[in-house]
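Here is a brief report on one protein chain. Please keep the sequence and the 3D view open while reading.

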Amino acid sequence: MRRITPLRGIWRYAAAFGLVVGSTLVAEAMYRVFDTDRLSMVFLAGVLITAVTLGSGPAYFAAATAFIVYDIYLVEPRFEFTMNSAEDYLVLFVFLAVAMLTGRLAGRVREAQGRAEARARTAGALFRASEEFSSSDNEDAVRQALAQRIAEAGRGEAVVLHDGRSWIWPPGLTIPAALADLAARPASEAAVRESGWRLRQLRADDAMVGVAAWRVSSLDGRLADSPEDDERLVDVLVDMAAAAIARFRLAAERAEMRARAQTEQLRNALLSSISHDLRTPLAAILASVSSLREFGDRFDAEVREDLTLTIQEEAERLNRFVANLLNMTKLESGALTIDGVTFGVAEVVGRVVQRVQRQAGAREIVSSICPDDLAAFGDPILTEQALANVVENAVRFVPNGGRIEIWGQSVDGQIVLEIIDDGPGVPEADLRMIFDKFFRSAATSANQPGTGLGLSISRGLVEAMGGEVLARSRDDGRPGLVVSVILPGASS
């Protein structure tokens with residue numbers, strides 16, 4: 001049964017008496033119109049209405065009152081409490097029994113309906129709380145939702161405490177000193193309980209993740225049916241919130257473990273790739289040097305020139321690789337400094353073409369910068385490195401006899417350089433990832449050497465100068481890739 005305040009009980013019984021008075025007035029009107037005293041059903045109707053609207057207790061009171069009023073007011077002789085025959089006794093006591101039974105049954109139906117409604121409200125509150133806890137994106141949101149749901153469940157005030165922080169409901173609630181002490185000294189829980197607050201710990205995997213405190217400020221309109229039901233409802237809400245927090249922490253741990261595993265995989269891949277990329281040019285250099293030292297006098301001039309060129313090319317390749325690693329380290333540590341100056345774009349592009357030409361072999365590299373005095377603002381050395389990485393990447397994928405074009409122009413105050421190749425291109429799904437560190441498209445990189453650092457470094461260098469690097473498929477429908485390097489113009 002729901003706890004009822006005395007004032008509320010008095011008004012319920014006063015309302016029951018009013019319904020009996022109303023029944024009496026209706027009976028009097030019917031007595032005058034129809035000249036009959038067989039009006040017990042009018043009083044039974046009043047008792048039934050009382051039971052349905054006010055409950056069993058007022059219904060019993062209405063039945064007893066209606067019994068007395070019916071005997072005194074309508075049974076002849078009127079206005080006297082008399083029973084002159086066995087039939088009077090039978091009629092009156094049957095009326096009393098029927099009224100009591102009707103009131104009891106109707107009252108029980110009403111109370112059962114009230115309990116069902118309370119259970120429905122409780123289930124609804126738990127469902128809404130479950131949705132909120134599930135949709136929350138962090139522990140703090142769960143604690144705030146818990147405070148709100150506990151306060152609404154008890155029509156009172158709620159606070160959730162953890163690590164010196166608090167989440168309150170309703171907004172603007174002033175936390176009592178006892179609760180503030182609880183946040184710092186858990187030993188003060190007894191004092192908190194004495195002040196009317198009830199406490200419940202949030203525990204996730206045997207670790208305390210908060211303390212919920214609440215007190216009821218109103219008994220009207222509560223979600224639960226009794227104080228005991230309030231306790232059980234709060235217990236369920238707290239357990240749901242603790243489970244949500246535990247789920248967040250497990251998800252964070254799982255994500256951290258996945259990140260560690262991916263980092264370890266990347267580290268292993270990087271070490272393997274570095275080992276391969278360092279050994280390959282070193283092996284070529286050592287082989288060429290050894291041949292020259294042992295058989296140099298036996299080789300003709302053309303062979304010695306070829307071995308010397310091999311040493312130079314492989315040393316330059318090794319130097320580029322080491323430079324990429326150093327640049328990546330500087331970018332990730334934030335140690336890269338940019339000394340912005342105005343420089344000629346055509347000159348930088350020319351150096352890039354000359355630098356990559358020896359690697360291009362039978363591939364054609366052409367450049368077109370319009371106008372010739374096109375100028376950008378940034379670091380020319382870093383710009384050359386970024387462009388060289390993009391062009392070298394194109395050289396690896398363009399077949400012999402293919403073409404690599406470098407176009408440059410000014411667009412809306414920015415310098416747009418486009419490197420267009422005749423290679424196999426990159427699938428649309430991979431275009432947004434080709435600038436990620438260590439990424440290599442499975443569709444095009446299966447038999448190609450490299451670490452997946454070149455384009456990532458190019459993006460980092462250009463972005464450090466205030467520019468942007470983009471990639472897209474060719475606009476003319478032919479296979480190939482277009483990489484756009486956008487730099488600030490000299491006047492920007």
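## Arg474 and its partners

The side chains of Arg474 and Asp422 are joined by a polar contact of 2.7 Å. This comes from a predicted model. Arg474 has a second polar partner in the backbone: a polar atom of its side chain lies 3.0 Å from the backbone oxygen of Asp421.

Where does Arg474 lie? Arg474 sits in the loop between strand 10 (468–473) and strand 11 (481–488). Is this residue buried or exposed? Arg474 counts as buried, because its relative accessibility is 12% and the limit for buried is under 20%.

Leaving out residues up to four places away in sequence, Arg474 touches Ile420, Asp421, Asp422, Pro479, Gly480, Leu481 and Val482. Two of these names return from the polar contacts: Asp422 through its side chain, and Asp421 through its backbone oxygen.

## Helix 12

Helix 12 covers residues 454–464 and is mostly covered. Of its 11 residues, eight are buried. Which ones are buried? They are Gly454, Leu455, Ser456, Ile457, Ser458, Gly460, Leu461 and Val462.

Just after helix 12 comes Gly466. Its phi is positive, at about 85°.

## Aromatic pairs

A pair of aromatic rings is described by the distance of the centres and the angle of the planes. How many aromatic pairs are there? The count comes to two. One is formed by Tyr13 and Phe61. Their centres are 5.7 Å apart, with 80° between the planes. The pair is edge-to-face, because an angle over 60 degrees counts as such.

This pair links distant parts of the chain. Tyr13 belongs to helix 1, Phe61 to helix 3 (residues 56–73), and 48 residues separate them. Tyr13 counts as partly exposed, at 34% relative accessibility. Phe61 is also partly exposed, with a relative accessible area of 31%.

Phe295 and Phe299 also pair. Their ring centres are 6.3 Å apart and the planes stand at 50°, so this pair is tilted. Phe295 is partly exposed at 32% relative accessibility. Phe299 has a relative accessible area of 24% and is partly exposed too.

## A nonpolar surface patch

Tyr13 and Phe61 appear again at the surface, where they join Phe17, Val21 and Leu25 in a nonpolar patch of about 450 Å². Which helix gives the most to the patch? Helix 1 (residues 6–34) does, with four residues.

Leu25 lies in helix 1. Leu25 counts as exposed, because its relative accessibility is 59% and exposed means over 50%. Tyr13, by contrast, is partly exposed at 34%. Phe61, at 31%, is partly exposed as well. Both values pass the patch cut-off, because patch residues need over 30% relative accessible area.

## The whole chain

The secondary structure comes to 12 helices and 11 strands. The protein chain has 492 residues, and buried residues make up 39% of them. About 26400 Å² is exposed. Carbon and sulfur atoms supply 57% of that area.

How are contacts spread along the sequence? Among contacts between residues at least 6 apart, 65% join residues at least 24 apart. The pair of Tyr13 and Phe61, 48 residues apart, links distant parts of the chain.

Methods
Residues numbered from 1 in each chain as written. Predicted model: local features only at pLDDT ≥ 70, side-chain atom pairs only at ≥ 80, totals over all residues. Heavy atoms only, no water. Patch = residues over 30% accessible without salt bridge, like charges linked within 9 Å, V, L, I, M, F, W, Y side chains within 5 Å. Areas by Shrake-Rupley, 256 points an atom, 1.4 Å probe, with all protein chains shown as cover. Salt bridge = Lys/Arg side-chain N within 4 Å of Asp/Glu carboxyl O. Helix = DSSP H or I, 4+ residues; strand = E, 2+ residues; numbered from the N terminus. Buried < 20%, exposed > 50% of the residue type's maximum accessible area, 1.4 Å probe, protein only. Contact = heavy atoms within 4.5 Å. Phe/Tyr/Trp six-rings, centres within 6.5 Å; stacked < 30°, edge-to-face > 60°. Polar contact = N/O pair within 3.5 Å; in protein donor to acceptor, adjacent residues only side chain to side chain.
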